[in-house]
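User: I'm new to reading protein models. Could you walk me through a few features, one at a time?

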Amino acid sequence: MGGKCPHRSVRKRRYSHKTHRRSKFEVKGDDIVYNDLLKPDENRKPLPLDEDLPGMGQYYCLHCDRYFSNVAVRDEHFKSKRHKKRLKIMLGPAPHTQLDAELAAGMGMPDNGPKLMSM
C-alpha cells in the first residue's frame, strides 16, 4: 500500500502563485506618487485609452496607483479604509527617497564639513 508519492516528481509549481501575481501588479513607490501629486492639475495629461488596463485605463486613483473597471468601483474604493490611509500618508511629510537611504547608510556624498581658509 505504501510507496512513493505520485506527485513527488512533478515540479511544475515550484514558485508560489501569490508571488507571481504580486509582481504582475507592481505599484509605484511612495516617493514617485508623492512627486506626481505635487504637480499642478494643468500639467497632468488626460488618461489615454488602453485596452490592457481595467476600464480602458480611464478610472484611475492617483494616490493608490490603481485602475478600476468603472466609476462605481472607483467611488467605492475612495470610501475604503485602504484609500484613506494612503491619502493620509500622501498628504503628510514627504516619504523617504533613495538618496535618503544612501545617506543614512553612509553611501552618499561625503560630508567633510565647511571649507576652511586656504593659505
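**Reading the features one by one**

Analyst: Let's start with a single link: a polar contact of 2.6 Å joins the side chains of Asp-65 and Tyr-60. Keep in mind that this is a predicted model.

User: Okay. Where does Asp-65 lie?

Analyst: Look for the loop that runs between strand 1 (59–61) and strand 2 (66–68); Asp-65 is in there.

User: And is Asp-65 buried or exposed?

Analyst: The general idea is a cut-off: a residue under 20% relative accessible area is called buried. Asp-65 comes out at 13%, so it counts as buried.

User: Let's try a helix. Which residues of helix 4 are buried?

Analyst: Helix 4 covers residues 81–91, and its buried residues are His-83, Arg-86 and Met-90. Now look down the helix axis: those buried residues fall within an arc of 65°, so they line one face of helix 4.

User: What's on the other side of helix 4?

Analyst: Over there you'll find Lys-81, Lys-85, Lys-88 and Leu-91, and they are exposed.

User: Then what covers the buried residues of helix 4?

Analyst: The cover includes helix 2 (30–38), helix 3 (71–78) and strand 1.

User: Next, charges. How many salt bridges are there?

Analyst: For these, you look for a side-chain nitrogen of Lys or Arg within 4 Å of a carboxyl oxygen of Asp or Glu. The count here is 3 salt bridges. One of them pairs the side chains of Arg-86 and Asp-30, at 2.7 Å from N to O. Arg-86 belongs to helix 4 and Asp-30 to helix 2, so this pair ties together parts that are 56 residues apart in sequence.

User: How accessible are the two partners, Arg-86 and Asp-30?

Analyst: Arg-86 has a relative accessible area of 17%, so it is buried. Asp-30 is at 31%, so it counts as partly exposed.

User: Which other side chains meet in a salt bridge?

Analyst: Lys-39 and Asp-36 meet in one, at 3.7 Å from N to O. In that pair, Lys-39 is partly exposed at 43% relative accessibility, while Asp-36 is buried at 15%. Arg-74 and Asp-75 also meet in a salt bridge, at 4.0 Å from N to O. There, Asp-75 is partly exposed, with a relative accessible area of 32%.

User: Last topic: cysteines. How many disulfides does the count come to?

Analyst: The count is 0 disulfides. To call one, you need two cysteine sulfur atoms within 2.5 Å. The closest cysteine sulfur to that of Cys-61 is in Cys-64, 3.7 Å away, so it is too far for a bond.

User: Are those two cysteines buried or exposed?

Analyst: Cys-61 counts as buried, at 1% relative accessibility. Cys-64 counts as buried too, at 9%.

User: Where is Cys-64 in the chain, and which residues is Cys-64 in contact with?

Analyst: Cys-64 sits in the loop between strand 1 and strand 2. The trick with contacts is to skip the neighbours within four places in sequence; what remains for Cys-64 is Val-27, His-77, His-83 and Arg-86. You've met two of those already: His-83 and Arg-86 are among the buried residues of helix 4.

User: How far apart are Cys-64 and Arg-82 in sequence and in space?

Analyst: They are 18 residues apart in sequence, and their C-alpha atoms are 8.8 Å apart in space.

Note on methods:
Residues are numbered from 1 along each chain as its sequence is written. This is a predicted model: local features need pLDDT of at least 70, side-chain atom pairs count only at pLDDT 80 or more; totals for chains, interfaces and linings use all residues. Side-chain values use heavy atoms; hydrogens and water are left out. Helices (H or I, at least four residues) and strands (E, at least two) are DSSP runs, numbered from the N terminus. Buried means under 20% relative accessible area, exposed over 50%, partly exposed in between (1.4 Å probe, protein chains only). A polar contact is a pair of N or O atoms within 3.5 Å; within protein, one must be able to donate a hydrogen and the other to accept it, and residues adjacent in sequence count only if both atoms are side-chain atoms. The arc is that of the directions from the helix axis to the C-beta atoms. Contact means heavy atoms within 4.5 Å.
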